Amino acid sequence: MREKLTKSDVKKIEEEIEHRKLVVRKECLEAVKEARAHGDLSENFEYHAAKREKNQNESRIRYLENMLKNAIIISEESREDEIGLNNTVILYMEDDDEEEEYKLVTSIRGNSMNNMISTESPLGRAILHKKVGDRVLVQANETYSYYVTVRKIEKTDGREDPIRRF
């Protein structure tokens, strides 16, 4: 699947790749070298742990590079009066009779534990490009749907949000 990324997502991923190549890779290689000097490799826990960490770093670099190679770049811009990427919204949840605050983000930055919802989630898809006062039907799955009402939209950018690490 091709990830949908904004220009700020791409910049953060490029920064992580550079950090992993210039800093983490060097640290991992040094740890492997140091552990190897301790002797018998077959029973050297430090050596195996250092190799595993080195391989995980290289795997992460390949994953991120592949993601960038296949990404679809999308715009963060939206009209002033509608919900767009990186906007914080306050929604009235009719079923719960409560207001909840969410930030609408790309799938790579989605983190429901921090109320950051992806534009590819049912709620994110439903509220994208809606305006204050709009009542929206959210189709969670084939059998469950619910209504939300947009109460407030705050325009922000995505620079302060971290990319979710895998």
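## Cores, sheet and a long-span helix

The largest nonpolar core of this predicted model has 16 residues. Ile83, Val89, Leu91, Tyr102, Leu123, Ile127 and Val148 have the most contacts inside this core. A nonpolar core is a set of buried Ala, Val, Leu, Ile, Met, Phe, Trp, Tyr and Cys residues joined through side-chain atoms within 4.5 Å. Buried means under 20% relative accessible area, exposed over 50%, and partly exposed in between (1.4 Å probe, protein chains only).

These elements give two or more residues to the core:

| Element | Residues |
|---|---|
| Strand 3 | 88–93 |
| Strand 4 | 98–105 |
| Helix 3 | 122–127 |
| Strand 6 | 135–139 |
| Strand 7 | 145–154 |

Strand 7 gives the most, with four residues. Helices (H or I, at least four residues) and strands (E, at least two) are DSSP runs, numbered from the N terminus. A second, separate core of nine residues includes Ile13, Leu64, Met67 and Ile108.

Now the sheet. Five strands form an open sheet in the order 5-4-3-7-6, with mixed pairing. Two strands pair if DSSP finds at least two bridges between them. Strand 5 (116–118) and strand 6 are at the edges with a single partner strand each, so one side of each lacks a neighbour in the sheet. Strands 3 and 7 pair in the antiparallel sense over six bridges. Leucine 91 sits opposite valine 150 in strand 7.

Helix 2 (residues 45–70) has buried residues too, among them Tyr47, Leu64 and Met67. Their cover includes strand 1 (4–5) and helix 1 (7–36).

Residues are numbered from 1 along each chain as its sequence is written. In this predicted model, local features need pLDDT of at least 70, side-chain atom pairs count only at pLDDT 80 or more, and totals for chains, interfaces and linings use all residues, while side-chain values use heavy atoms, leaving out hydrogens and water.

Note on methods. Contact means heavy atoms within 4.5 Å.
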